[in-house]
Amino acid sequence: MASRRVSSLLSRSLISSSSLFSLRGKDPLLNRGARRYSNLAASLEDTITPPVKVEHTQLLINGKFVDSASGKTFPTLDPRTGEVIAQVAEGDVEDVNRAVVAARKAFDQGPWPRMTAYERSKILFRFADLIEKHNDEIAALETWDNGKPYEQSANIEVPMLARVFRYYAGWADKIHGMTVPGDGSHHVQTLHEPIGVAGQIIPWNFPLLMLSWKLGPALACGNTVVLKTAEQTPLSALLVGRLLHEAGLPEGVVNIVSGFGPTAGAAIASHMDIDKVAFTGSTDVGKIILELASKSNLKAVTLELGGKSPFIVCEDADVDQAVEMAHFALFFNQGQCCCAGSRTFVHERVYDEFVEKAKARAINRAVGDPFKSGIEQGPQVDSEQFEKILKYIRHGVDSGATLQAGGDRHGSKGYYIQPTVFSDVKDDMLIAKDEIFGPVQTILKFKNLDEVIARANNSRYGLAAGVFTQNLDTANRLMRALRVGSVWINCFDVFDATIPFGGYKMSGIGREKGIYSLNNYLQVKAVVTAIKNPAWL
Amino acid sequence: MAARSRVSSLLSRSFSASSPFLSRSQGKNLNNGSRIVRRFGTSSAAEEVISPSVQVSYTKLLIDGNFVDAASGKTFPTLDPRTGEVIAHVAEGDAEDINRAVKAARKAFDEGPWPKMTAYERSRVMLRFADLVEKHSEELAALESWDNGKTYEQALTAEIPMVARLFRYYAGWADKIHGLTVPADGNYHVQTLHEPIGVAGQIIPWNFPLLMFAWKVGPALACGNTIVLKTAEQTPLTAFYVGKLFLEAGLPPGVLNMVSGFGATAGASLASHMDVDKLAFTGSTDTGKVILGLAANSNLKPVTLELGGKSPFIVFEDADIDKAVELAHFALFFNQGQCCCAGSRTYVHEKVYDEFVEKAKARALKRVVGDPFKKGIEQGPQIDSKQFEKVMKYIRSGVESNATLECGGGQVGDKGYFIQPTVFSNVKDDMLIAQDEIFGPVQSILKFSDVDEVIKRANDTRYGLAAGVFTKSLDTANRVSRALKAGTVWVNCFDVFDAAIPFGGYKMSGNGREKGIYSLNNYLQVKAVVTPLNNPAWI
C-alpha cells in the first residue's frame, strides 16, 4: 500500500492524462518485508541484477561514439554497492573542442537550423516514440546508475521524457517573431533566431529528465548542442543519444561528453565558440559557471541551482494529506531534488499531530534495492553525498533538534540512509539553512502568516514552496509573498512540461519548461526597413 | 543650410511621422546660423563659447527622496567638453552611499508603496513625469548638451522628446503585464505570475545620458521594481534634474535613487551588492565582463548587458548611392561617433566603391563642427580628454597601417575635444581601425565583391550589435537580414530607435534586449502557481 501511495503521488501530474503513465502491472504488495528500513537483511543482501546491458560508454561526437582524446576512462558506480558498473570515456578540453567543432559545423553550415521547423519536429516526435519503445531498458539503466527506484524511472521519469520531447517538438513550428508598430515610416519586425551552439551541463539526480529540459527547447529552436553529463550518471544519456540519431538527428547536432566539472564542464563554460550555456547543479558551481562565461565570451547563461524550499502547513490544512505531501516533497528521489520541501513549517496548533504522523510515515518508508517492487527509497548517489548527509544529521543532533526517526545509514553496503525526521528545528540551525540533498526532513513551528512569510523568505534560495491551506485568502496571500519560482498549493512536485521552473535569488537565473524556456535558446533580432507610401502605420 | 536640415531630418527620422517633433525641429532649422562655423577647418568653432541657458541646480545624490551629500563628503568635477573647464562639483558616491540607496530602495520595495500601488497608479506617475519632461525640455536639453557636448538641437528636438515618448510607452505597459494560465497534464489549475524582481541596479553611460536613463528606468518602474541608478561620472547632471521631476510627478521616496560616481567604486559596489536583485549595465564590453563577474561572485543577480559594437553598414551595388552615403555618414558620425551601434565598418560593393568614397569624403568635409549650442552645428566635441586621446590614437593607427586618409585626421581648434570628421578608405579587415570600437568620428570604408564574402566578413567580429543594409533587392535584404549575427538590422535606414523596437546584442555585444515588449522580461520574475482541482469542468 505504501508503494501504491508513493506511485500515485509520483504520477500525480500524469495520472489523469493517459493510461500510458499508469502503473505497468507491478504488484504493489510484493516484498512487504523490504518495506521497513530497519529490516536490513531483506533489502540489501540479494542485489538484483539489472535487466539491461551497458552498450555505450564512449563519447558521442559528430554522430559517432568515440574514445576520449586522452584515451582515459573513469568508473561509474552502482550506488547500491559502490561497485563499478562500467568504465566510461573521460572527456576533457580536447574532447569538448572536438564536440564544439562538430556542433559549430552542424549549426553554421547546416543542416539543423536550415531544416524546416516541421522536419525538426518530426525527428523529435520519432525520438519520443523510440524512448517509449525502449522504456524499460532506459529505466533500468537510469536506476542502476543513479539508485532511484525502478518503478519511478519506468512509470514516471522515462514516460515524462517522451512527454517533454513531444511538448518541444510541438513548439518547433510555433516560434513566432512579431511585427511591431513603428513611430514613423518604417516596417518593423522581430526574428526569433536560434542562438547557435548551446553548452549544457546536467546533474545526476534526474539525468534524463534534465537532459530533456535542456535538449528539448534547444533543438526545437534550431540550436546545436554540446552536453556534458554528470560523472555519477553518464550512461542513460549515451543510450538516448543513440536513439536520437536513430530518429534521424543529423550528425553533430547533439554531442555528448561524459566527464568532470573542473575539466570538461569548465571547458564548456569558458569556450569561445559556445554561444549559450545552461547549467543545473549547486549554487556554488553555478557561480563558477557564470564567472567563466563573464571571463570568456559573455555567453548567455541560464542557471537552475540549489534550494531550501519551505513547505508551509497552515492550521486549516488537511493534516493527513499535508503529512503525506510533505513526506513526498522531501523524501522523493532519496531527497535528491533541488526543489525538495526541506523546511517543513507547521502551524503550532497542528504541530504535534503533524510531527507524530510525519514520523510514523517516515518509519513506514520502504528502503531497499531500487530494482525491487514496492521500494520507495534507494541509495544516495555516491559516497560523497552519503557522507555529507550523515554529517548534516550529526549536525542536527548536535544543534539540539529532536531526532524523531532515522539518523543513520541503512544496512552496511552501498549508500542507503534511513528516512530521518527532525522536529524542533530552529531557523538558525545548519540543517534549516543548507541544502542537505538527502532524506532528512526538518520540521519547524510557526504562529502566524506574517512570521512564516518572513522566515520562509529569509534564505538565499528561492526555488519553490509548498502551501497547505483550505483558505483562499491565505493561499492568495502566500502565493504572492513567497519569493520563489514555483508555488505548489495543496500539491507538490507537479512538473508538467508546460509549467515553468526556475529560481528567484540564488536559486538561479531563467526558467526551464513551458513557453518561457524558449527564450533561453533564441536571439531576438529587430529588422527595420524604410517604407514608402505606407497604407497604414 | 541644406546639410543642416538634412541632418535634422535624419535625427528625427524615427519621429518624422509625429508632428510635434517634426515641427519643432523644422522651426529651429529655419533660422540661419553662422555659415562660417560650418566647416571644421575653420578655427572659429571653438573660439566663442556660448553660455548655456540653464543653471545647475542639483549636484547631490538622490537617496530616499532627498538630495544628500556623499557619506564621505567628497565631490568630483564634471567638465564642459567644449573647454575642459569645470561645470560643477558633484557628490561622489561610493560603497556607503550605494548601501544607503539600496536600503531605501529595499524599503520602498519590501514595505511598499511602489509594488503595492496599482499598476494604473504607477502609470499615472510615469505619465505625469513625461509631461514634466516636455515642460522642461529646454533646460534638460541645455544641461545634456553642456555636460555631454552633443548638439543642443539634437538634445532638444530628438532626445528629450524621445525621453518623454519612452516614459509614455512604458507607462502604457504598466497595466498590461499579464501572466498566463497554463494547460496542465492533470487535474491542476496552473497560472504564472509575472512579478517585479525587486531592487534593480542600473549603470548608465555618458553618450546618451537621459535616453539610457529612460531605457532602464522605464521598464523597471512599469514592472513595479525600485531602483538604484548610477550615472556616468562624465555626465551626472541631467539625471538629477529629472530625478527632481520624478518626485514632482508623485514618485514615492526610495523608489528611484541616484548615485553619481565612478565605476570602480560606486559601480562595483552596486554590481556586487547582496541586496540588489537585478543589474542592468550599458557600457564597454570589458566593463560588462567585470560586472557579470561581480554578479557571479556575489548573489547571482541576473544581468542584462548592452555593450560595444563594430557594426557593419553594407552598401550593395544596387543601392541608391547618394542616400547610402548620407545614411552611412549619419550612422557613423551621429553623436560625435559616440554610439555603441555606430556603423563603423562601411562595406561598399566594388562596383560603386570609388563613387561612394568620393561622396563620403565630400560629405564629411561638409560636416559642421563647432560649439554644440550654436545653431546648425552637426558635431560637437568628444566627451573628454581620455576619449579624445583614444580616438586620435586610432586615427594614427589607421594612417600607420596604410589605410588611405581621405579627410580629417586632426583636432578642430585648440580648445576642448573637437575632432575633424575623418574618413579612411582602403581599410582592411585586419587593421585595428576595422576591429576595435573607436567611438569617435572616424569612418572606415572597406570594399567587397559579393554577398557571401560580405556576410562572412561582417560576422567575423566578437561584436554583434547592429547592422545597416542598403539594397533595392528584396532577396538580398531578406537573405542578409537573417545571415547577420546582430541584434538589429536596419534596411535602407539606420538608427531608428522607436520605443517599440527591441535593441541589444548578439555575441559579446551583450545579453538581453532593451525597449519593446522584450525589455519587460528583464524586470520580471516568473512564478508558477499550481493548485489541484476537484471535479474540474474542463482541463
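Okay, a quick definition before we start: a helix axis here is a line fitted to C-alpha atoms over the stretch in contact, and angles run from 0 to 180 degrees between N-to-C directions. And keep in mind that what you're looking at is a predicted model.

So, helix packing in chain A. Take α5, residues 135–146, and α8, residues 235–246: their axes come within 8 Å and cross at roughly 155°. Anything over 145 degrees counts as roughly antiparallel, so α5(A) is roughly antiparallel to α8(A). Who makes the contact? On the α5(A) side you've got A:E137, A:I138, A:L141, A:E142 and A:D145, and on the α8(A) side A:L235, A:S236, A:L239, A:V240 and A:L243. If you sort that contact by class, you get 6 nonpolar residues, 1 polar and 3 charged.

Next up, the annotated sites. UniProt, in an unreviewed entry, has A:E304 down as "active site". Where is A:E304? In strand β11 of chain A, which covers residues 300–304. And is A:E304 buried or exposed? Its relative accessibility is 2%, so A:E304 counts as buried. Leaving out anything within four places in sequence, A:E304 is in contact with A:W213, A:F279, A:T280, A:G281, A:C338, A:L463, A:F501, A:S507 and A:E512.

Over to chain B. There, UniProt lists B:E306 for "active site", again from an unreviewed entry. B:E306 sits in strand β11 of chain B, residues 303–306. With 3% relative accessibility, B:E306 counts as buried. Its contacts, not counting residues up to four places away, are B:W215, B:F281, B:T282, B:G283, B:C340, B:L465, B:F503, B:S509 and B:E514.

Last thing, and this one involves both chains: there's an open sheet of 10 strands with mixed pairing. Reading across, the order goes β5(A), β6(A), β20(A), then β18(B), β17(B), β12(B), β13(B), β16(B), β15(B) and β14(B). Which strands are at the edges? Those are β5 of chain A, 179–180, and β14 of chain B, 404–407, each pairing on one side only.

Let's zoom in on one pair in that sheet. Strand β12 of chain B, residues 312–315, pairs with β13 of chain B, residues 345–349, in the parallel sense over 4 bridges. If you want a spot to click on, B:F313 stands opposite B:T346 in β13(B).

That's it from me, happy to pull any of these up on screen.

Key. Residues numbered from 1 in each chain as written. Chains lettered and ligands numbered in written order. Predicted model: local features only at pLDDT ≥ 70, side-chain atom pairs only at ≥ 80, totals over all residues. Heavy atoms only, no water. Helix = DSSP H or I, 4+ residues; strand = E, 2+ residues; numbered from the N terminus. Parallel < 35°, antiparallel > 145°, perpendicular 65-115°, else oblique. Contact = heavy atoms within 4.5 Å. Nonpolar A, V, L, I, M, F, W, Y, C, P; charged D, E, K, R; others polar. UniProt positions renumbered as here; feature names shortened; annotations may be inferred. Buried < 20%, exposed > 50% of the residue type's maximum accessible area, 1.4 Å probe, protein only. Pairing = 2+ DSSP bridges.
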